[in-house]
There are 2 protein chains.
Amino acid sequence: MAVYTDVSAADLTAFLEAYDLGTLLSFKGIAEGVENSNFLLQTSRGAFILTLYEKRVDAEDLPFFIGLLGHLSAKGLNCPQPVRNRSGDVLGRLCGRPAAIVTFLDGIWIANPQARHCQALGEVLARLHLAGADFPMRRANALSVDGWKRLSAQAAPRAHEVAAGLAAEIETDLADLSARWPRDLPAGVIHADLFPDNVFFLGETLSGLIDFYFACTDAFAYDLSICLNAWCFSAAGAFDAAKSEALLAGYQSIRPLTLAERQALPVLAHGSALRFMLTRLVDWLNVPPGALVRPKDPREYLGKMRFHRTVEDSRIYGLPG
Amino acid sequence: MAVYTDVSAADLTAFLEAYDLGTLLSFKGIAEGVENSNFLLQTSRGAFILTLYEKRVDAEDLPFFIGLLGHLSAKGLNCPQPVRNRSGDVLGRLCGRPAAIVTFLDGIWIANPQARHCQALGEVLARLHLAGADFPMRRANALSVDGWKRLSAQAAPRAHEVAAGLAAEIETDLADLSARWPRDLPAGVIHADLFPDNVFFLGETLSGLIDFYFACTDAFAYDLSICLNAWCFSAAGAFDAAKSEALLAGYQSIRPLTLAERQALPVLAHGSALRFMLTRLVDWLNVPPGALVRPKDPREYLGKMRFHRTVEDSRIYGLPG
């Protein structure tokens with residue numbers, strides 16, 4: 001949670017002159033998003049989110065992210081919709097940074113999701129995959145196997161500070177996953193970061209998805225495995241078969257998995273657990289002095305890596321046999 | 001800027017059941033307030049701010065703060081208005097902390113205020129002093145002379161890290177100010193922290209005041225001297241006579257200063273500069289590891305202390321002679 005850039009009323013008012021958003025009534029920095037600075041704007045036309053893209057986001061990727069939000073909105077998926085300025089642009093510059101305005105999405109994220117929420121998540125994830133099918137842009141997944149190798153090399157010298165023998169454990173997993181990583185599964189646009197705080201509900205209804213800044217082109221079932229790790233374990237770290245079954249049933253009610261996808265689930269879930277363990281590990285070992293963000297504990301995902309390593313049959317996840 | 005306490009949707013929904021605020025549509029942690037955790041709530045009844053009081057605020061003071069907001073709102077001053085729950089209470093508990101909901105105030109704070117904003121500030125400050133006259137509760141100013149002595153003792157051993165000889169300079173000022181501090185000026189409720197980020201404007205109109213968590217019972221002219229320091233210096237630290245004159249003219253158009261108040265302005269401004277220098281100094285020297293808040297530089301207020309020390313005649317501030 002952070003606001004990395006201070007935006008003055010004068011800067012913002014000048015920026016908004018290019019938009020047709022009416023009178024500015026208030027703006028507040030919001031404590032969400034670890035990559036960018038986010039502000040909630042209230043104008044006479046409604047509520048909007050202004051994002052300033054900080055250096056961890058590659059400016060060359062912004063047309064993909066912003067274009068994708070426009071594409072998915074047009075397909076009826078409830079996600080933030082980019083707001084064009086009077087010149088028709090969705091990307092501008094504010095305080096020396098790329099900046100965009102998107103519509104504000106009502107809804108509340110659920111810290112402790114239940115099986116029914118996992119079912120709703122599965123459905124919307126499948127709808128997202130279908131809606132993205134004809135999105136013309138591509139973006140490679142920078143956090144797939146090659147990316148994990150870079151993170152692993154970065155973390156190895158101090159990984160033992162987090163768990164004894166961790167560098168060797170990562171190396172073994174990386175060799176195993178590289179050898180077995182599936183390369184020809186059905187693929188397209190994936191969200192790649194669909195944790196509970198990126199999924200809004202109004203009452204029991206899933207009302208929208210946010211934070212598409214890890215979206216990329218990769219295997220659909222890999223996206224599903226990320227959700228399985230993020231939604232289907234207890235706070236204490238125990239796998240929850242009922243939630244996993246609900247997630248997969250929800251997904252398959254919209255887009256049935258192929259045999260190859262079903263068989264690949266254990267290796268995909270093992271890989272996605274490694275991916276989040278590695279980014280958290282690197283962040284954990286590199287907290288800058290004066291940091292505004294508390295890093296997440298990598299050990300949560302170390303436990304998940306170890307769990308999936310033991311799974312030999314996808315039926316463990318609640319897939320019909 | 002910070003959110004110190006994570007509040008889950010489930011916790012919040014349970015808390016809101018005691019209120020008549022309709023359906024919860026969204027809530028976001030906002031990056032404002034260094035003492036408390038603040039959330040912006042959108043409900044079917046409108047926008048509200050939920051504050052969780054963290055340990056730096058004394059729970060015994062909350063009835064004063066919340067009572068004052070209610071009193072000033074009833075007098076027509078535009079400030080956050082406490083929302084009562086169905087039992088008529090304005091203070092509850094959420095996530096183990098005292099918590100209150102107040103109305104959301106439209107408006108934007110101005111980082112670089114001009115003389116006309118200072119004039120508007122002076123007017124509203126005088127209105128605040130008049131509106132508080134019949135508020136029945138009292139709260140001593142914990143950050144007056146005795147409080148400065150405590151802060152000075154705390155900071156002295158490491159004050160030289162900020163400026164050579166600073167501990168001795170503070171000690172000299174403290175002795176001087178203690179001897180000359182005026183004790184019988186007109187007094188009542190003061191805001192005591194009316195920096196630009198606590199004053200909202202809509203266009204050129206001052207639209208409201210927020211953040212009353214330093215409010216206390218003290219000399220009105222001391223409050224004015226705090227504004228003089230916070231509003232009437234350039235970013236580079238130079239005193240701006242035009243802004244100061246506008247501030248004082250605005251104030252006196254509503255509540256003329258007495259002769260004693262006018263004569264006391266230099267010592268009051270010197271003291272209020274010392275007060276903010278000291279709290280910033282202590283914060284600066286005591287940034288905890290993993291801190292979520294970047295401390296403000298105490299040297300800004302050291303420069304202001306040195307300026308007021310040289311002022312012998314209040315006409316320097318733009319008071320009519």
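# Close-up views of a two-chain model

**View 1. Lys75(B) and a partner far along the chain.** Lys75(B) is partly exposed, with a relative accessible area of 43%; that label covers everything between buried (under 20%) and exposed (over 50%), worked out with a 1.4 Å probe on protein chains only. This is a predicted model, so local features need pLDDT of at least 70 and side-chain atom pairs count only at pLDDT 80 or more, while totals for chains, interfaces and linings use all residues, and side-chain values use heavy atoms, without hydrogens and water. Residues are numbered from 1 along each chain as its sequence is written, with chains lettered from A and ligands numbered from 1 in the order in which they are written. Lys75(B) makes a salt bridge with Asp134(B), and their closest N and O atoms are 2.8 Å apart. The two are 59 residues apart: Lys75(B) is in the loop between helix 2 (62-74) and strand 4 (92-94) of chain B, and Asp134(B) is in the loop between helix 3 (115-131) and helix 4 (145-155) of chain B. Asp134(B) is partly exposed too, at 46%. A salt bridge here is a side-chain nitrogen of Lys or Arg within 4 Å of a carboxyl oxygen of Asp or Glu. Helices (H or I, at least four residues) and strands (E, at least two) are DSSP runs, numbered from the N terminus.

**View 2. More salt bridges, in both chains.** The count over all chains comes to 34 salt bridges. In one of them, Arg116(A) meets Glu204(A), with 2.4 Å between the closest N and O atoms. Arg116(A) sits in helix 3 (residues 115-131) of chain A, and Glu204(A) is 88 residues away, in the loop between strand 8 (199-202) and strand 9 (205-209) of chain A. Over in chain B, Asp20(B) and Arg45(B) pair up at 3.7 Å, N to O. Asp20(B) is in the loop between helix 1 (9-16) and strand 1 (24-29) of chain B, and Arg45(B) is in the loop between strand 2 (37-43) and strand 3 (46-52) of chain B, so their pairing ties together parts 25 residues apart in sequence. Arg45(B) is exposed, at 51%. Back in chain A, Glu169(A), Asp173(A), Arg306(A) and Arg309(A) are joined in a salt-bridge network.

**View 3. Ring meets ring: Phe233(A) with Phe239(A), and Trp181(B) with Tyr222(B).** Rings of Phe, Tyr and Trp (its six-membered ring) pair up if their centres lie within 6.5 Å; planes under 30 degrees apart are stacked, over 60 edge-to-face, and the rest tilted. There are 30 aromatic pairs over all chains. Phe233(A) and Phe239(A) make an edge-to-face pair, with centres 5.5 Å apart and 65 degrees between the planes. Phe233(A) is buried, at 9%, and so is Phe239(A), at 18%. Trp181(B) and Tyr222(B) have ring centres 5.7 Å apart and planes at 80 degrees, so this pair is edge-to-face. Trp181(B) is in the loop between helix 5 (166-180) and strand 7 (187-190) of chain B, while Tyr222(B) is 41 residues away in helix 6 (residues 220-231) of chain B. Trp181(B) is buried, at 8%, and Tyr222(B) is buried, at 2%.

**View 4. Where domain 1 and domain 2 of chain A touch.** Chain A splits into domain 1 (9-103) and domain 2 (109-317), with bounds from an automatic or database domain assignment. Contact (heavy atoms within 4.5 Å) involves 21 residues of domain 1 of chain A and 23 residues of domain 2 of chain A. About 1,900 Å² is buried between these domains, and carbon and sulfur atoms give 71% of that. Phe64(A), Phe65(A) and Leu77(A) supply 31% of the area that domain 1 of chain A buries against domain 2 of chain A, more than any other three residues. Buried area is the accessible area (1.4 Å probe) that two parts lose on being put together, summed over both.

**View 5. Ala269(A) and its surroundings.** Ala269(A) belongs to helix 8 (residues 259-285) of chain A. Is Ala269(A) buried or exposed? Ala269(A) is buried, with a relative accessible area of 0%. Leaving out residues up to four places away in sequence, Ala269(A) touches Ser225(A), Asn229(A), His308(A) and Tyr317(A).
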